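Hi,

Here is the structure I promised to pass on. Have a look at it first, and my notes follow underneath.

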Amino acid sequence: MFECKLEQAVLFKKVVAAVLDIVKEGNFDLSDEGIRVQTMDTTHVALVQMELKESAFDEFRCDRESCVGINFEALTKLLKLCRDDDSLSLKKEEDCDTLTITSAGEGRAVECDMNLMDIENEQLGVPDCEYSCEIKMKCSQFAKICRDLKDCGGENLRIDCDKNSVKFSMKCDGHVKSSSIKLEHDVEITHCKEAVENLCFSLRYLLLFTNKACALSDDVTLRLSAETPLMIDYCVADSPEKGFVRYFLAPKLDDE
């Protein structure tokens, strides 16, 4: 049997929302360590990795490791029935293809059964490398930079980083030819083995990442290396002990 409970539903709702913008369905890998998701978008440009550790829950039980297919759109609709401050419980019996979702609060109770899917559990390789640069900054700040440069007409975000500063920039063919934002004080460069230059990533995907994930944490960490997918790391409730949502985005060949 698998069963878990949160005294407040809001944390789980935020985590599922952060996954939904990238993928519509995927597997929950269940174990005594927690719930884990690792899947790619349909274009195989972005990968999302989510882990809610056992310590994030008020109650957690998993008798046997299992993999259950979830339609995240359907799950999100059911979670909308649960108020943020109400409790949330998930339960799956052995050899059962249904996930039971219950929620309770003052004068209100919700119970739903969700059909599980049979999704091939594709083994996806997550880059295992020592990144050249690691940047920590406010989630809201990074999201605003992406929005503002996109509004200026940019399609790709260029990132340059050394031990003293990080620069975000874009080029386009519209009325605005180029623009850049260089940060020296409002950012923490926690690691810089070597400078990185002219790394370009799709602003459309970056906006998808920041759209919902900003609700998970105050800070975000960017990890970069040449010719390596960008890792964008959000700790759940600002606590690595509770879990994380990570996005990996393949670099563009250039910023044209």
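What percentage of the 256 residues in the protein is buried? Buried residues make up 48% of them, where buried means under 20% relative accessible area with a 1.4 Å probe, protein chains only.

Before the rest, a word on the source. This is a predicted model, in which local features need pLDDT of at least 70, side-chain atom pairs count only at pLDDT 80 or more, and totals for chains, interfaces and linings use all residues. Residues are numbered from 1 along each chain as its sequence is written, and side-chain values use heavy atoms, with hydrogens and water left out.

On the overall fold, the protein has four helices and 18 strands (DSSP runs, numbered from the N terminus: H or I of at least four residues for helices, E of at least two for strands). Its C-alpha trace spans about 55 × 40 × 35 Å along the principal axes.

Now to the interior. The largest nonpolar core (buried Ala, Val, Leu, Ile, Met, Phe, Trp, Tyr and Cys residues joined through side-chain atoms within 4.5 Å) has 76 residues. Helix 1, residues 10-20, gives the most to this core, with seven residues. At least three core residues come from each of domain 1 (2-115) and domain 2 (133-249), with bounds from an automatic or database domain assignment.

Phe12, Phe28, Phe168 and Leu206 have the most contacts inside the core. Leaving aside residues up to four places away in sequence, Phe28 touches several residues, including Phe12, Ile35, Met50 and Leu75; contact means heavy atoms within 4.5 Å.

Best wishes

Note on methods. Buried means under 20% relative accessible area, exposed over 50%, partly exposed in between (1.4 Å probe, protein chains only).
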